[in-house]
Amino acid sequence: MTRIRMDLFTSLDGYVPSDPTPENPMGTGWSQLTAAWTATRTFRRNLGDSSGSGTTGMDDRYAAAFVDGIGAEIMGAGMFGFHAFPDDDSWTGWWGERPPFGTPVYVLTHRAPRPSIVMDGGTTFHFRDTTVEEVLAEARQAAGDLDVRIGGGYGTARDFLRAGLVDDLHLMVAPVFLGRGHRLWDELAGFDAGYKISTEVAESGQIHITLTR
């Protein structure tokens with residue numbers, strides 16, 4: 001049965017980065033939040049590193065689970081990278097010529113309708129200006145028996161959490177204080193009702209919090 005999954009990075013003080021730029025597309029502080037994740041063997045292998053380098057502990061176990069069983073992805077305009085070149089109709093996102101998804105990816109954006117973009121490696125970007133419920137229904141159909149991942153960014157993640165549409169939420173809390181950015185949990189009090197919550201601390205100091213219903 002298809003499940004709706006989400007993985008989010010956040011700081012100890014509950015922030016996610018803001019103020020993206022073409023040079024720093026995920027915002028100030030992103031590299032601090034994702035340092036343990038990008039150090040894993042799985043992450044490096046998924047980017048084409050065949051050397052076998054990278055960490056192999058708990059962070060790597062979660063990195064492997066991140067890509068397992070996903071049949072479709074949903075993300076917001078910022079996660080795709082529309083803010084980088086907003087007036088360039090040929091812009092195909094900041095993920096490069098071979099994005100790491102390998103599935104249909106549905107981008108929620110007010111720039112839709114826009115032709116779909118077929119990329120190397122099995123990723124096809126589709127652009128939709130619709131509700132989270134409607135785009136999820138389309139992504140479910142595309143995923144078949146596999147799961148749908150909500151890839152972010154901040155606004156899209158909060159919309160799906162607010163609507164109660166996420167079955168499995170994995171929070172990666174980096175042992176850092178950002179002190180600035182978007183407040184992830186503001187006005188989401190009570191969203192966790194009905195979830196079973198577990199917590200593990202990795203060798204890196206990263207806290208993995210899993211909410212499952």
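The accessible surface of the protein chain comes to about 10500 Å², and carbon and sulfur atoms account for 52% of it. Please keep in mind that this is a predicted model. Of the 213 residues in the chain, 46% count as buried. Along its principal axes, the C-alpha trace spans about 45 × 45 × 35 Å.

Let me turn to the overall fold. The protein chain contains seven helices and 11 strands. Its radius of gyration is 17 Å, close to the 17 Å that the globule rule gives for 213 residues, so the chain is as compact as a globular protein of that length. Among the contacts with a separation of 6 or more, 66% are between residues 24 or more positions apart.

I now come to the interior. Which residues have the most contacts inside the largest nonpolar core? They are Met6, Leu8, Ile74, Val148, Phe160, Leu161 and Leu169, in a core of 28 residues. The elements that give two or more residues to this core are the strands β1, β3 (70–76), β4, β7 (147–152) and β8, together with the helices α6 (132–143) and α7 (154–162). Helix α6 gives the most, with five residues. Leu8 serves as an example: leaving aside its neighbours within four places in sequence, Leu8 is in contact with Ala157, Leu161, Leu169, His170, Leu171, Met172 and Leu184. Apart from this core lies another, of 15 residues, among them Phe80, Val107, Ile117 and Met119.

Next, I should like to consider helix α4, which covers residues 58–67. Its buried residues are Met58, Asp59, Asp60, Tyr62 and Ala63. What do these buried residues pack against? Their partners are the helices α2 and α3 (41–46) and the strands β8 (168–174), β10 (196–201) and β11 (207–212). After α4 comes Gly69, whose phi is positive, near 80°.

The next topic is aromatic rings. A pair of such rings is described by the distance of the centres and the angle of the planes. A search of the whole structure finds 10 aromatic pairs. Why is the pair of Phe9 and Trp37 called edge-to-face? The ring centres are 5.7 Å apart and the planes stand at 85°, so the pair is edge-to-face, the cut-off for that class being over 60 degrees. Phe9 belongs to strand β1 (residues 4–11) and Trp37 to helix α2 (residues 35–38), so the pair ties together parts that are 28 residues apart in sequence. Phe9 is buried, with a relative accessible area of 12%, and Trp37 is buried as well, at 7%.

A second edge-to-face pair is formed by Phe101 and Phe125, with 6.3 Å from centre to centre and 80° between the planes. This pair links distant parts of the chain, 24 residues apart: Phe101 lies in the loop between α5 (77–80) and β4 (104–108), whereas Phe125 lies in strand β6 (residues 124–128). Are these two rings on buried or exposed residues? Phe101 is buried, with a relative accessible area of 14%, and Phe125 is buried, with a value of 0%. Both residues also belong to a cluster, in which ring pairs link them with Phe80, Trp94, Trp95 and Phe127.

Finally, there are charges placed over rings. The charged end of Arg114 sits over the ring of Phe127, 5.0 Å from the ring centre. Likewise, the charged end of Arg183 sits over the ring of Tyr15, 5.0 Å from its centre.

Notes:
Residues numbered from 1 in each chain as written. Predicted model: local features only at pLDDT ≥ 70, side-chain atom pairs only at ≥ 80, totals over all residues. Heavy atoms only, no water. Phe/Tyr/Trp six-rings, centres within 6.5 Å; stacked < 30°, edge-to-face > 60°. Helix = DSSP H or I, 4+ residues; strand = E, 2+ residues; numbered from the N terminus. Buried < 20%, exposed > 50% of the residue type's maximum accessible area, 1.4 Å probe, protein only. Lys NZ or Arg CZ within 6 Å of the ring centre and 35° of its normal. Contact = heavy atoms within 4.5 Å. Rg over C-alpha atoms; globule rule 2.2 N^0.38 Å. Areas by Shrake-Rupley, 256 points an atom, 1.4 Å probe, with all protein chains shown as cover. Core = buried A, V, L, I, M, F, W, Y, C linked by side-chain atoms within 4.5 Å.
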